[in-house]
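Thanks for coming, everyone. I have one structure to walk through today. Please take a look at it first.

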Amino acid sequence: MIKRVILLVLLAVVTVLLLGAGSMYLAVTSSQPYYAVALEQPPEVLEEGSRQLESRFTTLSSDLEHEGDWRTVVSADEVNGWLAYKLPESFPELLPQEIRDPRVAITPEQLILAARSDVAGVDTVVSVLVEPYVTEDGDLAIELQQVLAGMLPVPTKDIVDRLQIAVRRARLPIRWSRNGANTVMIVDRELWDHEITQHRTLEAIELSEGELFLSGRTEEVDVEVGVAETSSADAPLGK
């Protein structure tokens, strides 16, 4: 479920935010250096990265089912491999035609989502800069910090409106908040913490150069004790 949440959120942001940004950009053709580097990765490196990401999330899914601490690390190379190989194979209709070659970059401060966009015959790279973090309630927050068309900052309001519409259509448990001037998308923890017999807590998301770390804890819940306590509380009082 963690894999599904992360990938669906990333894909939703890539699809909706970049499409909205592309419709507003000026004739800017310069691109961020990290994007050119990501596109230059050899096919065999991308394919191996895709396999590694699938393997990591398979292991994480297993770890989530067992009591105790869990932790995983995801690299930008692995995500880019998945976007290059698995995305076209598993979700061929997901990205609109005007959005091509999505890639990510990870810095200690931000997660950067980028793709090529051909609008009005001009080719540009649109980048979305976000900061993921865990809220005090254990939800996943994704703060939209900036959108760039080439090197040019563009407004985000129309993009956020499009993303909100897409989220409503997908019926995802997502709500919206603000942090100063930035819009924050908050993914409810119920997406990964929905088992009756367990509490699954996402405790931290950490960014470093080229890598994203996830850590949390799974705790077993004694359902019979909870049921017994509820039944006792509901029982009529004796005289």
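Where is the place of Asp-101? Asp-101 sits in strand S2. A word on terms: helices (H or I, at least four residues) and strands (E, at least two) are DSSP runs, numbered from the N terminus.

Now the ground rules. This is a predicted model, where local features need pLDDT of at least 70, side-chain atom pairs count only at pLDDT 80 or more, and totals for chains, interfaces and linings use all residues. Residues are numbered from 1 along each chain as its sequence is written, and side-chain values use heavy atoms, with hydrogens and water left out.

Back to Asp-101. Most residues other than glycine have a negative phi. Asp-101 is not a glycine, yet its phi is positive, about 50°. Is Asp-101 buried or exposed? Neither: Asp-101 counts as partly exposed, because its relative accessible area is 37%. The cut-offs are under 20% for buried, over 50% for exposed, and partly exposed in between (1.4 Å probe, protein chains only).

Let's step back to the whole chain. The chain has six helices and ten strands. Of its 239 residues, 43% are buried. Contact means heavy atoms within 4.5 Å. Take the contacts with a separation of 6 or more: 60% of them join residues 24 or more positions apart.

Next, the core. In soluble globular proteins, nonpolar side chains tend to be buried together. Here the largest nonpolar core has 40 residues. Such a core is a set of buried Ala, Val, Leu, Ile, Met, Phe, Trp, Tyr and Cys residues joined through side-chain atoms within 4.5 Å. Which residues have the most contacts inside it? Leu-140 and Leu-202. Not counting residues up to four places away in sequence, Leu-202 touches eight partners listed by name, including Leu-140, Trp-70 and Trp-192.

Follow that last one. Trp-192 lies in the loop between strand S8 (182-187) and S9. Trp-192 counts as buried because its relative accessibility is 1%. The C-alpha atoms of Trp-192 and Asp-139 are 9.9 Å apart, with their positions 53 residues apart along the chain.

Strand S9 (residues 198-208) holds Gln-198. Gln-198 is buried, because its relative accessibility is 6%. The side chain of Gln-198 makes a polar contact of 2.9 Å with the side chain of Arg-200. Another polar contact, of 3.1 Å, links the side chains of Gln-198 and Glu-220. A polar contact is a pair of N or O atoms within 3.5 Å; within protein, one must be able to donate a hydrogen and the other to accept it, and residues adjacent in sequence count only if both atoms are side-chain atoms.

Last stop: helix H2, where we find Ala-38. Ala-38 counts as buried because its relative accessibility is 8%. Leaving aside neighbours within four places in sequence, Ala-38 is in contact with Asn-80 and Arg-103. Ala-38 and Val-104 are 66 residues apart in sequence, but 8.0 Å apart in space, C-alpha to C-alpha.

What follows H2? Pro-42 is in the loop between H2 and helix H3 (43-64). Pro-42 is partly exposed, because its relative accessibility is 32%. Its C-alpha atom is 10.0 Å from that of Gly-81, 39 residues away along the chain.

That's my tour. Questions, please.
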